[in-house]
Amino acid sequence: MSPKDTLKSALRFSLLLFAGLTTMSSTGCVISQGGSVAETEAQIPVDNTDTTTAETYRVEMSGGFSNVEFYEGQIDGPMFVQDALERSGATERYRAMDILVYRVVKESGRGLKLPVEYESGGKMVMQNQNYALHPNDRIVVTNRSLNAIDKIIDSLNPLD
């Protein structure tokens, strides 16, 4: 391989990396670093739009290279994250998903981020994280790809 081909290859890789990082930042891709809710409070996007008395929630679904799809539903009685996922069709659309609930606390006006674990075999939200929905909650659902290692682990799990 000549130095000219090496330079072309390095340039091509750099452009591909730049394009990927630009795409991730413009589509709202979140890279989780763990931590508590209090640590990430300053990073939470808060939508301060004034809503009327309608009690609604919103599910934002994204996966792979598809556009983000939105589902807006009414809170008609006691409703939980699992109910919202079923009504929006997310449980049928994605086998495995990462879920975050964004909520604005009325008393303080601060944003709160609630991570939710999803058990793909039973298509259920973990019971201890199946939060009751409040008006204007945003549920962000991201498709989690199952690579070869994930498939091996899932095949060994007797619950699947």
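1. I'd start with Y57, which is buried at a relative accessible area of just 1%. Keep in mind as you look at this side chain that the model is predicted. Y57 sits in strand β1, residues 56–62, and that strand is a handy place to begin reading the fold. Six of the seven β1 residues are buried, so the strand is largely enclosed by the rest of the structure.

2. Which ring does Y57 pair with? The partner is Y71, with the ring centres 6.3 Å apart. The planes sit at 45°, and since anything from 30 to 60 degrees is neither stacked nor edge-to-face, the pair counts as tilted. A search of the whole structure turns up one aromatic pair, and this is the one. Y71 belongs to strand β2, residues 69–74, and lies 14 residues from Y57 in the chain. Is Y71 buried or partly exposed? With 26% relative accessibility, Y71 is partly exposed, because the buried class stops at under 20%.

3. Now the strands around β1. On one hand there is β2, which runs antiparallel to β1 and is joined to it by six bridges. If you want a residue to click on, T56 has Q74 of β2 as its bridge partner. On the other hand there is strand β7, residues 138–143, which pairs with β1 in the parallel sense over five bridges. Here M61 is a good marker, with V141 of β7 as its bridge partner.

4. The β1–β7 pairing also comes with a salt bridge. The side chains of E60 and R138 meet at 3.0 Å, N to O. E60 is in β1 and R138 is in β7, 78 residues apart in the chain. How accessible are the two? E60 is buried, with a relative accessible area of 14%. R138 is buried as well, at 17% relative accessibility. Both values fall in the buried class because its limit is under 20%.

5. That contact is one of six salt bridges found in a search of the whole structure. Another to look at is R103 with D137, whose side chains meet at 2.7 Å, N to O. R103 is in strand β3, residues 97–104, while D137 is in the loop between β6 and β7, 34 residues apart. R103 and D137 are both buried.

6. What about E92 and K123? They form a salt bridge too, with the closest N and O atoms 3.8 Å apart. E92 lies in helix α3, residues 90–93, and K123 lies in the loop between β5 (118–119) and β6 (124–125), 31 residues apart. E92 is exposed, with a relative accessible area of 62%. K123 is partly exposed, at 35%.

7. Stepping back to the whole chain: the secondary structure comes to four helices and seven strands. From the N terminus on, the order is α-β-β-α-α-β-β-β-β-β-α. Among contacts between residues at least 6 apart in sequence, 60% join residues at least 24 apart.

8. Last, the surface. The chain has 160 residues, and 28% of them count as buried. Its accessible surface comes to about 11200 Å², and carbon and sulfur atoms account for 57% of that.

How values were computed. Residues numbered from 1 in each chain as written. Predicted model: local features only at pLDDT ≥ 70, side-chain atom pairs only at ≥ 80, totals over all residues. Heavy atoms only, no water. Phe/Tyr/Trp six-rings, centres within 6.5 Å; stacked < 30°, edge-to-face > 60°. Helix = DSSP H or I, 4+ residues; strand = E, 2+ residues; numbered from the N terminus. Buried < 20%, exposed > 50% of the residue type's maximum accessible area, 1.4 Å probe, protein only. Pairing = 2+ DSSP bridges. Contact = heavy atoms within 4.5 Å. Areas by Shrake-Rupley, 256 points an atom, 1.4 Å probe, with all protein chains shown as cover. Salt bridge = Lys/Arg side-chain N within 4 Å of Asp/Glu carboxyl O.
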